[in-house]
Amino acid sequence: MKSIKVKSGFVSLAVIVALSTMSFVNCAQSSGKKNEDTTLLTYLVANPFTPQGAQADCLVSVGLINSCISSKTQIDAGVNCSLITIADNQAIGADYSTIKTAVIKKYNESKCNIAENKYTSASSAVDAFKDSLTFTSTSDASSKVVFSAPTYY
């Protein structure tokens, strides 16, 4: 009889993949139970590269605004901070560093860490942060808001 030998490296890799998958599922379930923002977690797991520059600034802005929302409906980081969306906005004049600075200022002024100061929906949060999220388009001189409020449940 022939015996089948399994290489230890393959087994180790399979175990690491299985444990990583279980950890992500448990982390997402735990965050969901606590009504925490899972959009950033999902975005970071799905994106194999470390966010840099405008994308990192965008993610900081989404995270801060989402922390000001009391419902499970959140701003979707994946849609608003995708490289395509950012490139489209930058092509017409968006400066994500300036936007992040304005969002941080508005966040500090609104004192969202107090439950009474939280917004009930993503769209109401975007409306509240609208001045911070607005830039003037270089293509037609109109005002554009960087985030739409596609939501994540």
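Guide: Let us start with a definition: a residue is buried under 20% relative accessible area, exposed over 50%, and partly exposed in between. Please keep in mind that the model above is predicted.

Visitor: Thanks! Does Lys111 count as buried, partly exposed or exposed?
Guide: First find Lys111 in the loop between H6 and H7. Its relative accessibility is 47%. Partly exposed covers the values between 20% and 50%, so Lys111 counts as partly exposed.

Visitor: What is the phi of Lys111?
Guide: Most residues other than glycine have a negative phi. Lys111 is not a glycine, yet its phi is positive, at about 50°.

Visitor: Which class, buried, partly exposed or exposed, does Ala141 fall in?
Guide: Ala141 sits in the loop between S2 and strand S3 (143-145). It is a residue other than glycine with a positive phi, near 60°. Its relative accessibility is 61%, and the cut-off for the last class is over 50%. Therefore Ala141 counts as exposed.

Visitor: Let me step back to the whole chain. How many helices and strands does the protein have?
Guide: You can read the elements off from the N terminus on: α-α-α-β-α-α-α-α-α-β-β-β. Put as totals, the secondary structure is eight helices and four strands.

Visitor: What share of the residues is buried?
Guide: The protein has 153 residues. To be buried, a residue must have under 20% relative accessible area. The buried share comes to 29%.

Visitor: Which residues touch the most other members of the largest nonpolar core?
Guide: This core has 26 residues. The members that touch the most others are Ile65 and Leu133.

Visitor: Which helix gives the most residues to that core?
Guide: The elements that give two or more residues are helix H3 (54-66), helix H6 (96-110) and helix H7 (122-128). With six residues, the one that gives the most is H3.

Visitor: Which residues does Leu133 touch, leaving out those up to four places away in sequence?
Guide: You have just met Leu133 as a residue of the largest nonpolar core. Its list includes Ile65, which was named along with it. In full, Leu133 touches Ile65, Ile99, Val103, Val126, Lys144, Val145, Val146 and Phe147.

Visitor: How do H3 and H6 run relative to each other, roughly parallel or roughly perpendicular?
Guide: Two packed helices are described by the angle between their axes and the distance between the axes. Here the axes come within 9 Å and cross at roughly 20°. An angle under 35 degrees counts as roughly parallel, so H3 and H6 are roughly parallel.

Visitor: How do the residues of the contact of H3 with H6 divide by class?
Guide: The crossing of these two helices is left-handed. H3 brings Ala54, Asp57, Cys58, Val60, Ser61, Leu64 and Ile65, while H6 brings Tyr96, Ser97, Ile99, Lys100, Val103, Ile104 and Tyr107. By class they are ten nonpolar, two polar and two charged.

Visitor: And how does H3 lie against H5, roughly parallel or roughly perpendicular?
Guide: H3 packs with helix H5 (residues 83-91) at an angle of about 105°, with the axes 10 Å apart. That angle falls in the range from 65 to 115 degrees. Therefore H3 and H5 are roughly perpendicular.

Visitor: Which residues of H5 meet H3?
Guide: The contact of H3 with H5 has four nonpolar, two polar and no charged residues. On the H3 side they are Ala54, Gln55 and Cys58. Their partners in H5 are Leu83, Ile86 and Gln90.

Visitor: How far apart in space are the C-alpha atoms of Ser67 and Cys112?
Guide: Ser67 lies in the loop between H3 and strand S1 (74-75). Along the chain it is 45 residues from Cys112. Still, Ser67 touches Tyr107, Cys112 and Lys118. The C-alpha separation of Ser67 and Cys112 is 7.2 Å.

Visitor: One more: how far apart in space are Thr134 and Val146, C-alpha to C-alpha?
Guide: Thr134 lies in strand S2 (residues 134-136). Beyond four places in sequence, Thr134 is in contact with Ser143, Lys144 and Val145. Thr134 and Val146 are twelve residues apart in sequence, and their distance in space is 6.2 Å.

Key: Residues are numbered from 1 along each chain as its sequence is written. This is a predicted model: local features need pLDDT of at least 70, side-chain atom pairs count only at pLDDT 80 or more; totals for chains, interfaces and linings use all residues. Side-chain values use heavy atoms; hydrogens and water are left out. A nonpolar core is a set of buried Ala, Val, Leu, Ile, Met, Phe, Trp, Tyr and Cys residues joined through side-chain atoms within 4.5 Å. Buried means under 20% relative accessible area, exposed over 50%, partly exposed in between (1.4 Å probe, protein chains only). Contact means heavy atoms within 4.5 Å. Axes are lines fitted to C-alpha atoms, for helices over the stretch in contact, and angles run from 0 to 180 degrees between N-to-C directions. Angles under 35 degrees count as roughly parallel, over 145 as roughly antiparallel, 65 to 115 as roughly perpendicular and the rest as oblique. A crossing is left-handed if the near helix is turned anticlockwise from the far one by less than a right angle, and right-handed if clockwise. Ala, Val, Leu, Ile, Met, Phe, Trp, Tyr, Cys and Pro count as nonpolar, Asp, Glu, Lys and Arg as charged, and the others, Gly among them, as polar.
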